[in-house]
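Visitor: I should like a close look at one part of this molecule, namely the place where its later helices come together. Please describe it in full, and then set it beside the earlier helices.

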Amino acid sequence: MTRPYSGIWPVAPTPFTDDGAVDVEGMKRVIDCMVDQAVDGICILANFSEQFLLSDEERAVLTKVSLEHCAGRVPIVVTVSHFATQVVEARAREAAAMGAAMVMMMPPYHGAVLRADEEGVFEHFERAGRAGGVPIMVQDAPMAGTTLSVAFLVRMARDIEAVKLFKIETPQAAAKLRALIAAGGDAIEGPFDGEEAITLMADLDAGATGAMTSATLPDLIGPAVRAFLAGDRAGAKATYERLLPIINFENRQCGWRSCKVVMKEGGVIRSEAVRHPTRPLHPATRAELLELAREVNPIALTWGR
């Protein structure tokens, strides 16, 4: 079955200056670097973009700058997650008006206990779809603390016109992807792998057609995805195995700080600053990350040098 959404669509980091201000020129350089990484699309304002550490005004600036500077070179996904449906509607509408190809959103949640019931979640996505008029990628992530059953995801895919893509990041993602594709059929237009590709091969075997990684090494992971989709599983596996040490290290030891460290080292951005209360990487962890990066030599490590 041919699915219209495929390839590698990594998350862009949000660069800050050393004093914590949004670095607009740095954001432009991030977009340019990612285009040079031969990505199929770019996601902005996601969790790996530190979206929960940004003000609404900063979000608006970053959305406008990213879309205008990218200028259609690749499609851009704008994350619009929020607990309030009215806010999500406004974000989706604004992103679409600025030229976003799609939006990504988690189910509504706030803190440890505030959740919506199933009908509330359905209406949340339904209203966002009507407001934006662009495809929605459902981010099924543990952070939201909301169980989205396969049956419910299929219902949304069939009954909400905008809901077309699914980024599955739950434990045992491959099993969920396989069940989702089997139950949803053609309605599942974009089954995606997430979590920095830590389970990429299992997810591709389960039917995933796309991967949303970080922007650390999509130029190296992309060929594995494309090889698999072209029928070369052995080639994809060999490429993935070579990258797995740094993928694992990024996912388990670094989080969103990894991409900033590599891009700072590679001259893409001027600062690897993250916003408090997040701490910078320990110097020993940073050194090990860069050691692993130099072994595989992604574009981000040398792009601005």
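Guide: One convention is needed at the outset: two helix axes that cross at 65 to 115 degrees count as roughly perpendicular. The model under discussion is a predicted one.

With that convention in hand, consider helix H10, which spans residues 257–265, and helix H11, which spans residues 283–296. Their axes come within 10 Å and cross at roughly 65°. H10 and H11 are therefore roughly perpendicular to each other. The contact draws on Ser258, Val261, Val262 and Glu265 from H10, while H11 supplies Arg286, Leu289, Leu290, Ala293 and Arg294. Sorted by class, the residues of this contact of H10 with H11 comprise 5 nonpolar, 1 polar and 3 charged. As for handedness, H10 passes H11 in a right-handed crossing. A general property of helices helps in reading such lists. An α-helix has 3.6 residues a turn, so residues three or four places apart point the same way.

The loop between H10 and H11 contains Pro277. A cis peptide bond, with omega of about 15°, joins His276 and Pro277.

Beyond H11 the chain continues, and Leu301 lies in the segment after that helix. Leu301 is buried, since its relative accessible area is 8%. Leaving aside residues up to four places away in sequence, Leu301 touches Val262, Glu265, Gly266, Leu290, Ala293 and Arg294. Among these, Val262 and Glu265 belong to the H10 side of the helix contact described above, and Leu290, Ala293 and Arg294 belong to its H11 side. Leu301 and Leu290 are 11 residues apart in sequence, and their C-alpha atoms are 8.7 Å apart in space.

The next element to consider is helix H9, residues 233–254. H9 bends by about 50° at Leu243, and a proline, Pro245, follows within four residues. Leu243 is also one of the buried residues of H9. The others are Gly235, Ala236, Tyr240, Ile246, Ile247, Phe249, Glu250, Asn251 and Cys254. What covers these buried residues includes helix H7 (200–205), helix H8 (218–229), H10 and H11. H10 and H11 thus appear both in their mutual contact and in the cover over H9. After H9 comes Gly255, whose phi is positive, near 65°.

A further residue of helix H9 is Arg242. Arg242 is partly exposed, with a relative accessible area of 47%. Not counting residues up to four places away in sequence, Arg242 touches Leu220 and Val296. The C-alpha atoms of Arg242 and Ile221 are separated by 10.0 Å, and these two residues stand 21 apart along the chain.

The earlier helices may now be set beside this region. Helix H1 (residues 24–36) and helix H2 (residues 56–70) have axes that come within 9 Å and cross at roughly 45°. That angle makes H1 oblique to H2. Their crossing is right-handed. On the H1 side, the residues in contact are Val24, Met27, Lys28, Ile31 and Asp32; on the H2 side, they are Val61, Leu62, Val65, Ser66, His69 and Cys70. By class, this contact of H1 with H2 has 7 nonpolar, 2 polar and 2 charged residues.

H2 has a second partner, helix H3 (residues 85–98); the axes of H2 and H3 come within 10 Å and cross at roughly 25°. That makes H2 roughly parallel to H3, because angles under 35 degrees are counted in this way. Here H2 contributes Asp56, Arg59, Ala60, Thr63, Lys64 and Leu67, and H3 contributes Arg91, Ala95 and Met98. The residues of the contact of H2 with H3 divide into 4 nonpolar, 1 polar and 4 charged. H2 also passes H3 in a right-handed crossing.

Two residues in the loops beside H2 complete the account. Leu45 is placed in the loop between strand S2 (42–44) and H2, and its phi is near 65°, a positive value in a residue other than glycine. Leu45 is buried, with a relative accessible area of 2%. Ala71 lies in the loop between H2 and strand S3 (76–79). The phi of Ala71 is likewise positive, near 55°. At 60% relative accessibility, however, Ala71 counts as exposed.

Note on methods: Residues numbered from 1 in each chain as written. Predicted model: local features only at pLDDT ≥ 70, side-chain atom pairs only at ≥ 80, totals over all residues. Heavy atoms only, no water. Axes fitted to C-alpha atoms, helices over the stretch in contact; angles between N-to-C directions. Parallel < 35°, antiparallel > 145°, perpendicular 65-115°, else oblique. Left-handed = near helix turned anticlockwise from the far one by under 90°. Contact = heavy atoms within 4.5 Å. Nonpolar A, V, L, I, M, F, W, Y, C, P; charged D, E, K, R; others polar. Bend = angle between axes of the 7 residues up to and from the residue. Buried < 20%, exposed > 50% of the residue type's maximum accessible area, 1.4 Å probe, protein only.
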